[in-house]
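Me: I should like to work through a protein structure by question and answer. Please reason each reply through to the value or name requested.

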Amino acid sequence: MNRNIQHEVRVFEAISLFERYEAHGDVTALRRAIAVLKTALKGTTIGDAKHRELSGWLCVMQGQLFTETGDRRYIDIAVAAGQASVGGVNKRDKDLPARSWYLGVILLLRFDGVVPEQQQDLDDAVRHLSYAVARTGQDEPDRVRRHADLASALSRMWTRTEEPEYLDRMISVGQAAVENSDPDDPDLTRAFLFLAEGVQAKFALYAGEVANDLAGAVEWLRRIASATAEHHPDRAERWVLFCLVQMARRAHSAPGDTSVLDDLVGAGEQVVDATQQGAADRAGRLIWLALALQDRYVVTEQRPDLERWIVVAREALASGAGDAADPMSANLLGTALVIRFELSGNERDVDEAIALLGPLTDPSPDDSVDRAAVTAVLSDAWRQKFARSGEFAFLDRAVDLLLPALTAALGDEMSDHEGCLINLTNALVARFEHTSKGEDLARALAAARRACELAPESRAAINALGWALMVSTKRSDNDEAVELMERLVKAEPASSLSAAKALTSLGGALRHRYNHFDDPRDLDRAVAIGEQLVKTTPKAHLMHAALLANLGMAARTRYDRRGDPSDWRVAAAALQQAAESSGSAVERMRGAMNYGLSLAKQQVWDQAADAFAGALALVPELASAGLRRETREHWLSTLSDLARNAAACAIHAGEAERAVALLEQGRGVLLAEALASIEPTPAGDGSPELPGPVVLLNLSGYRSDAVIRTGRTIEVVPLPLATLSDTGVQVERFLRLASRRPGKPVADRVLTEVLDWLWRAVVEPVLERLGFTQAHDQLPRVWWVPTGLLGFLPIHAAQHRGTGAMDYVVSSYAPTLRALQRKSAIPATPGRALVVAMPETPGKDPLRHTGEEADAVAAHAVEAEILRAAEATRSNVLARLHGCSWAHFACHGGGNVLDPSSSRLLLHDHERRPFTAADISALRLENADLAFLSACSTATPGLRIPDEAIHLGSAFQAAGFRHVVATLWPVLDPIAARVSRDFYRNAAAGSDGPARALHTALERLRKDYPENPTLWAAHTHLGG
C-alpha cells in the first residue's frame, strides 16, 4: 500500500477511535487512538504542517487521558505535543488560533491538576488563550468556549496575584463572550459564571465606585438570564449567578437604592421559579429570596413584601425540614412574624414567632444563625406582646433575655451586638414608662450609649439613645435627645422614608421636652414638624395615621395654651383624618378618641358623640374574639371611659336613646359574647321585658346621669352630686373598709357614710323620679346597671338615717341591658342542684356553718349532689356543673380587683388548680338557672375595667346561669349561712323569684343588725 495512503488511514483510524471515546467514554479506544496517532506521527517531519496538525491532536488526546487517569506523564506529553503544534509556525497559519487554544487549555489543566502548581503553566496558558481569542471571529463556532477558557485562566491569575489588571480582563473577556450570544450555546453558562464572578469581585474591591463601569456587564448578565428558556438545564444556575451579582451590588450600594433591591428580589424570584420542587438546594434558594424581600421591606416598608417574605420563609422551613436550612429559615420566618404582629396585632403571629425563635437562642454547636441577633428579635417579640396585652411578665421576659448584654464582660456576643443593646434599651424604656424605676432608665441609657460606641453612625442606635433620653426628666437629657434627633434628620436624604422617621422622632423629643419644661418654642416646632410630615407622607403609608394623630394632639395642646382658633382647626382636621384613615385600628382609635375629647372640650356635643361612636365601632377590631382573654381585657381597659363619655355627650345633645345604645355597645363586651353563644339575642330593639324600670347610672367627666328605661320610655335624671371625683373618694373609702372584718365599728361607720352619700347622690333622685318613695307590702322591682366605679358600691343598700332603697324597692343588678334579655322565669319545680361545701380548706380558716347551707339547699331541691371538702376539686366541680339547674357554693372566695379574671372560689385543690372566674366564664351550660355564691367578694369588679363587670358572679352569668347571688365584700360564716337558709326558705314559700327571696332574707338581717350594714348589705342579686 502507498505510504501516504497508509499514513492517512492511520490518522483516520486515530480520529475515529477518539470520536468513539468522546461518544461512549471508552478509555480503551482513547488509548488505541493515541497509539495509532503516535505511529502516524513517526511518518512526519518535525516542524512541517502535518507534524503540527497531528501534534495538536495528540495534545488533545493526551490531555483527555490525563483527565481519565490523573497520571502526570500524560499531561506532560500533552503539553509537549501542544508546544510542538504551535512551534515554528507561520503566524498566518489559519489553524494556529485553534492549536493555541488547545495548548492553553492543556496548560491550564496541568496548572490545576499537578502539585505544586507551576506559575509558568498559568502564564503560558493565558498567553496562548489570549492569542486564540484575539484571532477568533464573531461567527466562530467555538467563540464562546474560547472566551470562557480565557476567562477561566484570568480568574486563576486574579486569585493568585490579586492584580486588578487580570480582574478587569476577566470581566472584559466574559462580557465579550456573552454579548450577542445564543442563550442555548453549551459553553455560555461557563462564560456567564466567570463574568459574574468578576463583577462580584470588583464590587467587593471598589464598593460603589464602579457601579457605572459595571452597568454594561450586569445588563448583559440580566439579558442572558432572562432569555434562557424555561426548561433550559442551566436556567437555575444562570439566575443563581445573577442573584449573587445583585447581592454584591446590594452590599456596596447606597442604603436607600431601591433599584438594586428590586433587581435582587426579581433575581431571587427567578432562582426559586427555576428550581424544581423537592430539589435539594430549593430551601437554600428560598432563603436567598426571603433575605432579599426582608432587605427591601426594611427600606420601603411595603406590606406585600412582608407577606411574600413570610410565605417564602415558611416554604423554606418546610422544604429544608431536618437540614441546615432549618435555623436560618426559622429565624427569617420568626422575624417577619414579629413585624407583622406589630402591624396587625394577630397574636398567632407572635406566638408562632416565639416558638420558632426560642430554640435558636439555646447554646449549640450550630453556627448557621447569629444567636445574639435572634435573641434581640425574640426580646422584641416579648416587648411587643406586652404592648398589646399589658401583661407585665412579657416585658420582664423581654428585659431578662437581653440583660446579659450589659452585665456580661465586654467581648461577649451579646455585649458587642448592636441589635441586642438597642432592643434592650427599648424594653427598659418601656418598663421605665410603666414603673418609673430609675434603675431601668439608667440601664437603658447605658445600653444605648454602648450601642452608639459600637456603631457611631447607626441610625437605630442613635434613635434608641434619643428615646431613652427623652423620657428622662433631666433638662440635659432632653436637650441631648433633641440634638441627637436633629443630627439624624440632617443625615437622612430629603424626602426619604428614613427622613420621615427621623423627623417623627424629633417631633417626639420636642413634645417630651415641652411636657417636661413647658417651653412653647418646642411645641411650635413639634406642630411645624407634624404639618410637614402629614403633607409629605403618602396617605396610604402605615405611618400616616400616627402622624395625623401626633399633629392633632400637638395642635390641640397649643390651642389649649393660646386659644388660637387656627390651632383648633388643625387639631380637629388632623384627628378626624386619623380616625377615618386606613391606618391600624390602634391609630384610628387614637385619632377618634382624641377627636371626641377635643370636640367635647369645645362643647360640640353632637359631633363629639359622633366621634366617640366612631371609636366604639373599632372596639371589635382591637379586642377581637381571636385574641386571648388577657389581651382583650388590656385593650378594653384602655378604653374604660369611652362608652361613658360617648353617652354623656349624647345626653348633652338631647339624644338619650342614643346614649343607651352607646353604653350597650361599649360595655360588657366579653359577657355579651358569652351570653349570645348560649342564647341568641332576641329580635327587636333590645328592650328587655321586665316588671320594672332599668336604671343605667352613667358617670363621666362631662356629666353624671341616671337613664331610666321603663318599657320603651326613656328619661334622664341628672346626678350632679355623683361626680367622678366624689365617686372615686367614696369607692376608695369603701375598698379600704372591705379589707376589715364585717361587724367592726369602724367598718360599719364608714359604710354607713358611704350609703348615705349613695342615697343623696344617686338613689334618692332616681326613686323620686320613679315615685318609689313609699313603703308597700309588694315592693316594686328596680334593675340597676352601674357604670364605672359605681359597680363597686352597694346601691341596693343606699339609705339615710336608717331609711332607704330596701324600704322602697327590690333591687337587682345587671352589667348591661343585653344581660337582661334572657328568659328570666325560675322553673316552677327546681331541678338538680350541685352543692359545694368546704368546712375545711387547705391553708384557710375553717368554715363551720357550710354544712347548714348544704342541708338548706338539699331540703328544697328535687335532687342535690353535695361535694364536701376533698371531693370538691376543680375537675369534679367543672364536670358536675353540666346538667344542674342550681349551684350553691359555701366556701372561701377571693376577689381580685387588679386582675378580676383570676378571682376564685377556693376548692380543695385551689393551691394547685385554682377555680377562677376565667374558668367559669368559659363554660356553656344549658338549663342553668340559679347560682348562689356564698363566699367572700364574689361580685367585686376590677379597677382597670369596671365596665366589663368581670367578677365571679358575672362569670356564672356568662356560663349560663340566669340568676346569681353574690357578695360585694367579705362575709362572716354564720351570717352567710343564715342568709342562705332564709333565701331557700323564702324561695320555697313562693317569694316570686330569687330577687325577692334574697331581699326578704336581707331585710330580716337588717332589722336584727340595723347599725351593722357590713353584715346585711353585702349580698346582691344579679339577673332578671
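Me: Which residue of strand 4 does valine 695 stand opposite?
Reply: This model is predicted. Strand 1, residues 694-699, runs parallel to strand 4 and is joined to it by 4 bridges. In strand 4, the residue opposite valine 695 is tryptophan 784.

Me: Which residue of strand 7 stands opposite tryptophan 784?
Reply: Strand 7 covers residues 810-813 and runs parallel to strand 4, with 4 bridges between them. Opposite tryptophan 784 in strand 7 stands tyrosine 813.

Me: How many residues of strand 4 are buried?
Reply: In a regular strand, side chains alternate between the two faces of the sheet, so each face should be examined in turn. On one side of strand 4, Arg781, Trp783 and Val785 are buried, and on the other side Val782, Trp784 and Pro786 are buried. Strand 4, residues 781-786, is thus mostly covered, and the number of its residues that are buried is 6 of 6.

Me: How far apart are the end C-alpha atoms of helix 9?
Reply: Helix 9, residues 188-206, has 19 residues, and at 1.5 Å a residue it should span 27 Å. The expected span agrees with the distance between its end C-alpha atoms, which is 27 Å.

Me: Which helices are among those that cover the buried residues of helix 9?
Reply: The buried residues of helix 9 include Leu188, Phe192, Leu195, Val199 and Phe203. What covers the buried residues of this helix includes helix 7 (143-161), helix 8 (164-178), helix 10 (215-227) and helix 11 (235-251).

Me: Which helix gives the most to the lining of the second largest pocket?
Reply: The second largest pocket holds about 690 Å³ of space. Its lining has 25 residues, and Val60, Gln64, Tyr102, Val105 and Arg145 lie nearest its centre. Helix 1 (3-24), helix 3 (49-69), helix 5 (96-113), helix 7 and helix 9 each supply at least two lining residues. With 9 residues, the one that gives the most is helix 5.

Me: Is cysteine 936 buried or exposed?
Reply: A residue counts as buried when its relative accessible area is under 20%. Cysteine 936 has a relative accessible area of 17%, and therefore it is buried.

Me: How many disulfides does the structure hold?
Reply: A disulfide requires two cysteine sulfur atoms within 2.5 Å. For cysteine 936, the nearest cysteine sulfur is that of cysteine 891, 9.1 Å away, and cysteine 936 is in no disulfide. For the structure, the number of disulfides is 0.

Terms used: Residues numbered from 1 in each chain as written. Predicted model: local features only at pLDDT ≥ 70, side-chain atom pairs only at ≥ 80, totals over all residues. Heavy atoms only, no water. Buried < 20%, exposed > 50% of the residue type's maximum accessible area, 1.4 Å probe, protein only. Pairing = 2+ DSSP bridges. Expected span 1.5 Å × (residues − 1). Contact = heavy atoms within 4.5 Å. 1 Å grid on protein atoms, 1.4 Å probe; cavity = no way out; pocket = protein on both sides within 12 Å on 5 of 7 lines; lining within 4 Å. Points joined across faces, edges and corners; volume = space filled by probe spheres on them.
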